[in-house]
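Here is a quick walk through a protein model, written for someone who would rather look at residues than read methods. Keep the structure open while you read.

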Amino acid sequence: MAKQPDVVIIGGGVIGLISAWMLAKEGLHVHLLERGEVGKESSWAGAGIIPPGKFEQARNPFDRFRSWSSEQFPHLVKELENHTGLGCDYHVCGGIEFIDSPDPVVSLWQAEKIEFQEVHNHPKIKFPAPRRGYYFPQMAQIRNPRYLKALQQSCTQHGVNIETKAAVSGFQVSGNRVTGVDLANGKQIEGQNFVLAAGPWSEPFLQQFGVKLNIDPVRGQIVQFAAQSVGLKEILIVDKCYLVPRASGEILAGSTEEPEAGFQKENTQMAIESLREFAEGLVPELRSCPVIKTWAGLRPGSPDGLPYIGKVEPYQNLIFAGGHFRAGIQLSPATGRLVCDLVLDRPALFNPKDFALDREPPRDFQASFRS
Ligand SMILES: Cc1cc2nc3c(=O)[nH]c(=O)nc-3n(C[C@H](O)[C@H](O)[C@H](O)COP(=O)(O)OP(=O)(O)OC[C@H]3O[C@@H](n4cnc5c(N)ncnc54)[C@H](O)[C@@H]3O)c2cc1C
């Protein structure tokens, strides 16, 4: 009889994959179940912005989470690339945030000792007055689909059993333990531990355990310009919209926030036009560049935009990791680390209480970066 997996993971987005990868590297036998193809939902659609951070100086639990992830990315990507031979297109490209003045976020950057400086002009950019521009040399980006592919490949090489077209339909429980999952195709998979990482599709499973977190889909749309002629290097961020120039010359313009769209993943003409208008207003040369691609994804939104990562009490062997909203890619390293610490029941690098399913929305918290 085949040995039961140590960990069964439900969902093959970035959160399920990074958890699988880190757990497998700890020597655990991991079985990942994905109802479609791996890495084709929100995690595929994202722009891949990775804000800078200084872990040592960050004092807020969520800033510590972001800054640790930010510092880990170069090492993590190097390890993935060396292990698989697949590139992730991670690079530190720098970025400019345009904010109202005064804005208390500046004091957060200063307190964390993040490197930045005010900029007043740039040959490619029409500054969105009256906002002021702040340049971050350490802002980075990654190509989500490539990061996901490398994670998937490295998981397989580390022995993770990845099963696609395997939709979980429910959990089997006995007392305070989950013992297995049922698949829509009639199969049952038993295991020692379970990680629910089904993005915006997680809520009905949580409710099976009497937990209501309100993890809801929030559609985001992106348009991509063929913009090799523009030669923009930096990420540009204005509130919730941004331009992300890929190393290959395309520029992504994102993104909408549409909770009212529910689970509909289509692009809309209105959003495409408003993203175009935003992009061409900020970088006028884009007016002569064609839009070559558009897409949309469903972010797993949580009520305060921050993730939940913790045990689904009283079930000691079921962990939920989700609700990362706009930041699942950038927070993936720290999320994988916390999931690992919880499954292995070892002292955690991040205080589990800060991310637990019964946490309160943090009081007086302001995000240092909005994208
Ligand atoms: C337009 C857009 C731009 C973004 N930009 C950024 C950015 O710049 N930086 C950043 O950090 N983040 C960004 N994000 C957010 C980021 O992409 C998400 O926070 C992250 O991908 C969430 O990952 P996830 O694994 O929780 O969810 P998902 O990627 O949605 O993965 C969940 C998986 O679970 C599977 N699943 C669902 N139900 C079942 C079931 N019953 N059985 C088995 N499998 C199931 C799904 O098929 C899916 O593959 C962006 C998102 C969007 C849409």
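## Odd spots in the backbone

Asp89 sits in the loop between H3 and strand E4 (91–92). Keep in mind that this is a predicted model. What is the phi of Asp89 near? Phi is near 55° there, a positive value in a residue other than glycine.

Next come the cis peptide bonds. One joins Gly254 and Ser255, with omega at about -15°. To find Ser255, look in the loop between strand E17 (251–254) and helix H7 (269–282). Another cis bond links Glu313 to Pro314, and its omega is about 5°. Pro314 belongs to the loop between strand E19 (308–312) and strand E20 (315–322).

## Two domains and their contact

Now zoom out. The domain assignment splits the protein into domain 1 (7–87 + 144–215 + 304–354) and domain 2 (92–139 + 216–301). Taken over C-alpha atoms, the centres of domain 1 and domain 2 are 27 Å apart. Each side puts residues into the contact: 25 from domain 1 and 25 from domain 2.

On the side of domain 1 that touches domain 2, H2 and H3 each supply at least two residues. Which element gives the most to that side of domain 1? H2 does, with three residues. By class, the side of domain 1 that touches domain 2 has ten nonpolar, eleven polar and four charged residues.

## Around the ligand

The ligand has 41 residues around it, and the ones that come nearest are Gly13, Gly199, Gly220, Gly297 and Gly328. Both domains take part: domain 1 and domain 2 each give at least three residues to the shell around the ligand. If you want to trace the shell by element, helix H1 (14–25), helix H2 (42–45), strand E14 (216–225) and strand E18 (291–301) each supply at least two of its residues. So H2 turns up twice in this tour, as a supplier of the ligand shell and of the side of domain 1 that touches domain 2.

How do the residues of the shell divide by class? There are 17 nonpolar, 19 polar and five charged residues around the ligand.

## How the helices pack

Two packed helices are described by the angle between their axes and the distance between the axes. Here are the pairs side by side.

| Helix pair | Angle between axes | Axis distance |
|---|---|---|
| H3 (61–84) and H5 (144–157) | about 60° | 9 Å |
| H1 and H5 | roughly 35° | within 9 Å |
| H3 and H8 (332–344) | about 100° | 7 Å |

Start with H3 and H5. At about 60°, H3 and H5 are therefore oblique to each other. H3 passes H5 in a left-handed crossing. On the H3 side, Leu80, Glu81, His83 and Thr84 make the contact, and they meet Ala150, Leu151, Gln153, Ser154 and Gln157 of H5. That contact of H3 with H5 counts three nonpolar, five polar and one charged residues.

H5 also packs against H1, with axes that come within 9 Å and cross at roughly 35°. H1, too, passes H5 in a left-handed crossing. Here Val14, Leu17, Ile18, Ala20, Trp21 and Ala24 of H1 touch Leu148, Leu151, Gln152, Ser154 and Cys155 of H5. The class count for H1 with H5 is nine nonpolar, two polar and no charged residues. Leu151 and Ser154 of H5 are worth finding on screen, as they appear in the contact with H3 and in the contact with H1.

Finally, there is H3 with H8, where the angle is about 100° and the axes are 7 Å apart. That angle makes H3 roughly perpendicular to H8. Phe65, Trp68, Ser69, Gln72, Phe73 and Leu76 of H3 make this contact with Ser332, Pro333 and Ala334 of H8. Six nonpolar, three polar and no charged residues form the contact of H3 with H8.

Key:
Residues numbered from 1 in each chain as written. Predicted model: local features only at pLDDT ≥ 70, side-chain atom pairs only at ≥ 80, totals over all residues. Axes fitted to C-alpha atoms, helices over the stretch in contact; angles between N-to-C directions. Helix = DSSP H or I, 4+ residues; strand = E, 2+ residues; numbered from the N terminus. Parallel < 35°, antiparallel > 145°, perpendicular 65-115°, else oblique. Left-handed = near helix turned anticlockwise from the far one by under 90°. Contact = placed C-beta atoms within 7 Å. Nonpolar A, V, L, I, M, F, W, Y, C, P; charged D, E, K, R; others polar. Near = placed C-beta within 6 Å. Domains from an automatic or database assignment.
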